[in-house]
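Open the model in your viewer and keep the sequence panel beside it. We will go from one selection to the next, with a short note on what to find at each stop.

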Amino acid sequence: KTSPLSFRAVFTVEKKIVDIWIKIPCVDEIGSCTYDGLCGILDNVIPPGSPCPEPLLSYGIPCHCPFKQGSYSLPSSEFYLPIIQLPSWLTNGDYSVQVVLSSSAKQLACVQVTLSLHSE
């Protein structure tokens, strides 16, 4: 049996510049990075036993391991993020994010998200 801590998440992040999608490199753990121990990272962000944030909760999208097999869909939604320091290159704009979740070289899931980042 595979330990949830051995899950790996490979992020590919692209930013739309004019009409071209440019891959954002991994800088200071942000961008197109590979994260090992995904479940532990999620537990640090959203403590175990606490509900998933909206709108994930309303649409039944899990935010804790283990994830149940299935297909999940989130309609166009707005998220309000707390004030955080982002690198200067991660500015307002349109982004595409693909996350491939794997364990022991076996692909388990693929998540594709498009988003627009706007600061107030």
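Select Glu14 and Lys23 to begin: Glu14 stands opposite Lys23 of strand 2. Keep in mind as you look that this is a predicted model.

Now show the two strands around that pair. Strand 2 covers residues 20–23, and four bridges join it to strand 1, the two running antiparallel. Next, click on the turn of this hairpin, where two residues sit between the strands. Val18 is the residue to pick here, as it takes a positive phi near 60°.

Go back to Glu14 and look for its other partner. Which residue of strand 4 does Glu14 stand opposite? Select Ser96 and you have found it: Ser96 in strand 4 is opposite Glu14. Colour strand 1 and strand 4 together, and you can follow an antiparallel pairing over eight bridges.

Strand 1 has a further neighbour to add to your selection. Strand 3, residues 34–36, pairs with strand 1 over three bridges, again in the antiparallel sense. To see one spot in this pairing, select Ala9 and Tyr35, since Tyr35 of strand 3 stands opposite Ala9.

Zoom out for a moment and show the whole chain as a cartoon. You should find one helix and five strands, arranged from the N terminus as β-β-β-α-β-β. Of the contacts with a separation of 6 or more, 48% are between residues 24 or more positions apart.

Time to look inside. Select Phe7, Ala9, Val13, Ile24, Leu38, Cys39, Leu42, Tyr95, Val97, Val99, Leu101 and Leu117, and show their side chains: these 12 residues form the largest nonpolar core. Strand 1 (8–17), helix 1 (38–45) and strand 4 (93–103) each supply at least two of its residues. Strand 4 gives the largest share, with four residues. In soluble globular proteins, nonpolar side chains tend to be buried together.

Centre the view on Leu38. Leaving aside residues up to four places away in sequence, Leu38 touches Phe7, Ala9 and Leu101. Apart from this core lies another, of five residues; select Ile46, Cys52, Leu56 and Ile61, which are among them.

Finish by turning on the surface. The protein chain exposes about 9,000 Å², and carbon and sulfur atoms supply 57% of that area. Of the 120 residues in the chain, 25% are buried.

Conventions:
Residues numbered from 1 in each chain as written. Predicted model: local features only at pLDDT ≥ 70, side-chain atom pairs only at ≥ 80, totals over all residues. Heavy atoms only, no water. Core = buried A, V, L, I, M, F, W, Y, C linked by side-chain atoms within 4.5 Å. Buried < 20%, exposed > 50% of the residue type's maximum accessible area, 1.4 Å probe, protein only. Contact = heavy atoms within 4.5 Å. Areas by Shrake-Rupley, 256 points an atom, 1.4 Å probe, with all protein chains shown as cover. Pairing = 2+ DSSP bridges.
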